[in-house]
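Reader: Please show me the model, and then justify the terms used to describe it.
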Amino acid sequence: MEKHTKKDKYTEIYYDQSDAPMQIRTHDLNLIRRLKAFSSDYPEICRLVEEDQNNGAYFEVMDKSRVSIHVTKPYSTERRQRQSEWAKEYGLKGNHRL
């Protein structure tokens, strides 16, 4: 088995407006871990269909409302500066909110 580059480790999401399940095929190990945990907890909503020899996995999600794509605007320079100062003061596990 040859080693894949990051460019080779893709994620494909097949989604349409019909009642057909959403299909997710991915090589993203973090996403695979999260989908496996979700499918283990909610097998009626999500199931692992197959895994391949290149560390990829294929899932079907029956309830499409359980998956979302989150798009955010770039942070302003001021916000990045505030977050940097907060992190320097409180660290990664700080209990203070901005």
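The exchange below takes up the sheet, the helix and the pocket.

Author: This is a predicted model in which local features need pLDDT of at least 70, side-chain atom pairs count only at pLDDT 80 or more, and totals for chains, interfaces and linings use all residues. Residues are numbered from 1 along each chain as its sequence is written, and side-chain values use heavy atoms, with hydrogens and water left out.

Reader: How do you know that β1 pairs with β2?

Author: Two strands (E runs of at least two residues in DSSP, numbered from the N terminus) pair if DSSP finds at least two bridges between them. Four bridges join β1 to β2 (residues 22–26), so the definition is met. The two run antiparallel, and I13 stands opposite I24 in β2.

Reader: What makes β1 and β3 edge strands?

Author: The order in the open sheet is β1-β2-β4-β3. β1 (11–14) and β3 (46–51) each have a single partner strand, so one side of each lacks a neighbour in the sheet.

Reader: Which element lies across the strands?

Author: Helix α1 (residues 29–41) lies across β1, β2, β3 and β4 (57–61). Helices are H or I runs of at least four residues in DSSP.

Reader: Why are nine residues of the pocket lining called nonpolar?

Author: Ala, Val, Leu, Ile, Met, Phe, Trp, Tyr, Cys and Pro count as nonpolar, Asp, Glu, Lys and Arg as charged, and the others, Gly among them, as polar. By these classes the lining of the largest pocket has nine nonpolar, two polar and two charged residues. A pocket is an open set of points on a 1 Å grid over the protein atoms alone, where a 1.4 Å probe fits, with protein on both sides within 12 Å along at least five of seven lines; lining residues have an atom within 4 Å of a point. The largest share of this lining, four residues, comes from α1.

Note on methods. Contact = heavy atoms within 4.5 Å. Axes fitted to C-alpha atoms, helices over the stretch in contact; angles between N-to-C directions.
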